[in-house]
Amino acid sequence: MLSGKVSDKDGLAIPGVGVMVKGSSSGTTTDGEGRYTLPVTPGATV
């Protein structure tokens, strides 16, 4: 499981950003506070 937060250069959260596993259709969208959780396999590129 991979989790994190997407923010801009000023550290403000960015909601609604798509986070995808490269080469697959697996992905998620950040919540209202820029956070996401994504199940990934070892060695996957996000």
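The protein chain has four strands and zero helices, where strands (E, at least two residues) and helices (H or I, at least four) are DSSP runs numbered from the N terminus. Read from the N terminus, the order is simply β-β-β-β. This is a predicted model, so local features need pLDDT of at least 70, side-chain atom pairs count only at pLDDT 80 or more, and totals for chains, interfaces and linings use all residues. Residues are numbered from 1 along each chain as its sequence is written, and side-chain values use heavy atoms, with hydrogens and water left out.

**The chain as a whole**

- Along its principal axes, the C-alpha trace spans about 30 × 15 × 15 Å.
- Of the 46 residues in the protein chain, 13% are buried; buried means under 20% relative accessible area, exposed means over 50%, and partly exposed is in between (1.4 Å probe, protein chains only).
- The chain exposes about 3200 Å², with carbon and sulfur atoms supplying 53% of that area; accessible areas come from the Shrake-Rupley method with a 1.4 Å probe, and for residues only the protein chains shown count as cover.
- Take the contacts (heavy atoms within 4.5 Å) between residues at least 6 apart in sequence: 37% of them join residues at least 24 apart.

**Thr-30 and its surroundings**

- Thr-30 sits in the loop between β3 (27-29) and β4 (35-38).
- Thr-30 counts as buried because its relative accessibility is 6%.
- The Thr-30 side chain has a polar atom 2.9 Å from the backbone nitrogen of Gly-16.
- A polar atom of that same Thr-30 side chain also lies 2.8 Å from the backbone nitrogen of Val-17.
- Setting aside neighbours within four places in sequence, Thr-30 is in contact with Val-6, Ile-14, Pro-15, Gly-16, Val-17, Val-19, Arg-35 and Tyr-36.

**Salt bridges around Arg-35**

- There are two salt bridges in the structure, a salt bridge being a side-chain nitrogen of Lys or Arg within 4 Å of a carboxyl oxygen of Asp or Glu.
- Arg-35 meets Asp-31 in one salt bridge, at 3.3 Å from N to O.
- Arg-35 also forms a salt bridge with Glu-33, at 3.2 Å from N to O.
- Sharing of partners ties Asp-31, Glu-33 and Arg-35 into one network of salt bridges.
- Asp-31 has a relative accessible area of 31%, so it is partly exposed.
- Glu-33 counts as partly exposed because its relative accessibility is 46%.
- Arg-35, at 44% relative accessibility, is therefore partly exposed.

**β4 and its partner β1**

- β4 has two faces: Tyr-36 and Leu-38 are on the covered one, while Arg-35 and Thr-37 are on the uncovered one.
- β4 pairs with strand β1 (residues 2-5) in the antiparallel sense, over four bridges; strands count as paired if DSSP finds at least two bridges between them.
- Within that strand pair, Gly-4 has Tyr-36 of β4 as its bridge partner.
- Leu-2 is located in strand β1.
- With a relative accessible area of 28%, Leu-2 is partly exposed.
- Leaving out neighbours within four places in sequence, Leu-2 is in contact with Tyr-36, Thr-37, Leu-38, Val-40 and Val-46.
- Leu-2 and Thr-41 are 39 residues apart in sequence, and their C-alpha atoms are 9.4 Å apart in space.

**Lys-22 and the segment after β4**

- Lys-22 is in the loop between β2 (18-20) and β3.
- Lys-22 counts as exposed because its relative accessibility is 66%.
- Not counting residues up to four places away in sequence, Lys-22 touches Thr-45 and Val-46.
- From C-alpha to C-alpha, Lys-22 and Ala-44 are 7.3 Å apart, with their positions 22 residues apart in sequence.
- Thr-45 belongs to the segment after β4.
- Thr-45 is partly exposed, at 44% relative accessibility.
- Apart from neighbours within four places in sequence, Thr-45 has contacts with Met-20, Val-21 and Lys-22.
- Thr-45 and Asp-8 are 37 residues apart along the chain, and 21 Å separates their C-alpha atoms.

Key: A polar contact is a pair of N or O atoms within 3.5 Å; within protein, one must be able to donate a hydrogen and the other to accept it, and residues adjacent in sequence count only if both atoms are side-chain atoms.
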